[in-house]
Amino acid sequence: MKGKKLVLGILTSGGDCPGLNAAIRGVAKAAYAMGDATVVGIADGYRGLIEGRARVLAPEETSSILTRGGTILGSSREKPFEGRDDGSVTDAEYGLDKPELIKKNYRELGLDCLVALGGNGTNTTAALLADEGLDVIGLPKTIDNDIWGTDPSFGFHSAVEVATEAIDRLHSTATSHNRVMVIELMGHKAGWLSLNAGIAGGGDVVLLPEIPYDRASIAAHLRRRTKEGKAFSIVVVAEGALAIEEAALDKKERKRARAESPFPSIGYRVADEIARDTGMETRVTVLGYLQRGGVPSPYDRILATAYGTAAAELAFAGRFGRMVACRGGAIVSVPLEKVAGKTRKVPSDHELVRTARMIGTCLGD
């Protein structure tokens, strides 16, 4: 590997999360150590690659970013293939198809490989670019931990820590005022964050997108706690949680029902249902973007660094069209084509689901 020349592009796409800079650092440091490499940082995700906005990342630029939150490269939610069938992906300024612009700029930047750091959408786009003939490697980042093919995504552990601390802090108010405290966490399609933080924080009710909830079951559980002398409760709600009635609707109907709801988000609706069904005083906390901010946990720093160095190794070995992953504690890689378009959801028989039930946590069913 030593002495091999390589021009490596890096971009971060989608929502930010802790660990992105650690991964960038891992890729760059490993690439510069392994051979005659040039590392090119692309600004603002796929949007920057469409517009050709990039710069060389000198080795010293990545020497002090391990602990920094966010991403030094910037990000965007650009989806260059969205609407391609009807021609709507044509860039207004350049008048060209966005994937064609990406391929043009990839060539003009002299890239031998593109490393794309992101979630499901980012890695799906990476797979499509690989189909277009580009040499691409994906890295899995998301606080939702819902990327198929890997056990942990970097960013998830840090978010669990933030969410758990928030739940811990809500306990004091809940116990002081005998209230039901509802905390809404991120997770549109997968409930890994709410499940882990709910167990770690001692949530009494944890509602996940994968397990449609029955409001009567929640009310009965909270009343039972009151009879046992527990006058407060913590209810953890994933933003994608669904009532049984909603789960029976098709996607279009469900989206319309949510749009017509008088509540700003699911947490407020659940709190209202609890108040009306039990007469208990409820309060809502929506943790929002706090879950994505701040410095990465030590675990995420290590994981992101390991993913970054593995990406550099794949690039020098010419193993493209793959996403770096961790399976059973080992750093491996999986084909991007198998990752694309899939979501890793919480199985109903997962060990943490069984654990939650065995300690008396109500999952709403």
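## A tour of the sheet, a hairpin and a pocket

Start with the open sheet of this predicted model: seven strands in the order 3-2-1-4-5-10-11, with mixed pairing. Colour the two edge strands next. Strand 3 covers residues 54–56 and strand 11 covers residues 330–335, and each of these pairs on one side only. Looking across the sheet, neighbouring strands are turned by 30 degrees against each other on average, direction ignored.

**Stop 1: the edge at strand 11**

Select residues 322–327, which make up strand 10, together with strand 11. The two run antiparallel and are joined by six bridges. Show two of the paired positions as sticks: Arg327 stands opposite Ala330, and Cys326 has Ile331 as its bridge partner.

Now move to the turn. Strand 10 and strand 11 form a hairpin, with two residues between the strands. Pick Gly328 in this turn and check its backbone: phi is positive, at about 60 degrees.

**Stop 2: helix 6 against helix 13**

Leave the sheet and select helix 6 (192–200) and helix 13 (351–358). Their axes come within 11 Å and cross at roughly 40 degrees. The crossing of helix 6 past helix 13 is left-handed.

Display the side chains at the contact. Helix 6 contributes Leu195, Asn196 and Ile199, while helix 13 contributes Leu352, Val353 and Ala356. By class, the residues of this contact are five nonpolar and one polar, with no charged residue.

**Stop 3: the second largest pocket**

Keep both helices on screen and add helix 5 (156–177): helices 5, 6 and 13 are the elements that give two or more residues to the lining of the second largest pocket. The pocket holds about 210 Å³ of space.

Which helix supplies the largest share of the lining? Helix 5 does, with three residues. To see the whole lining, select Asn145, Pro152, Phe156, His157, Val160, Trp192, Asn196, Tyr299, Arg344, His350, Glu351 and Leu352. Colour this selection by class and six residues come up nonpolar, four polar and two charged.

Two residues link this stop to the previous one. Asn196 and Leu352 are part of the pocket lining, and Asn196 of helix 6 and Leu352 of helix 13 also take part in the contact of these helices.

Note on methods:
Residues numbered from 1 in each chain as written. Predicted model: local features only at pLDDT ≥ 70, side-chain atom pairs only at ≥ 80, totals over all residues. Heavy atoms only, no water. 1 Å grid on protein atoms, 1.4 Å probe; cavity = no way out; pocket = protein on both sides within 12 Å on 5 of 7 lines; lining within 4 Å. Points joined across faces, edges and corners; volume = space filled by probe spheres on them. Helix = DSSP H or I, 4+ residues; strand = E, 2+ residues; numbered from the N terminus. Nonpolar A, V, L, I, M, F, W, Y, C, P; charged D, E, K, R; others polar. Axes fitted to C-alpha atoms, helices over the stretch in contact; angles between N-to-C directions. Left-handed = near helix turned anticlockwise from the far one by under 90°. Contact = heavy atoms within 4.5 Å. Pairing = 2+ DSSP bridges.
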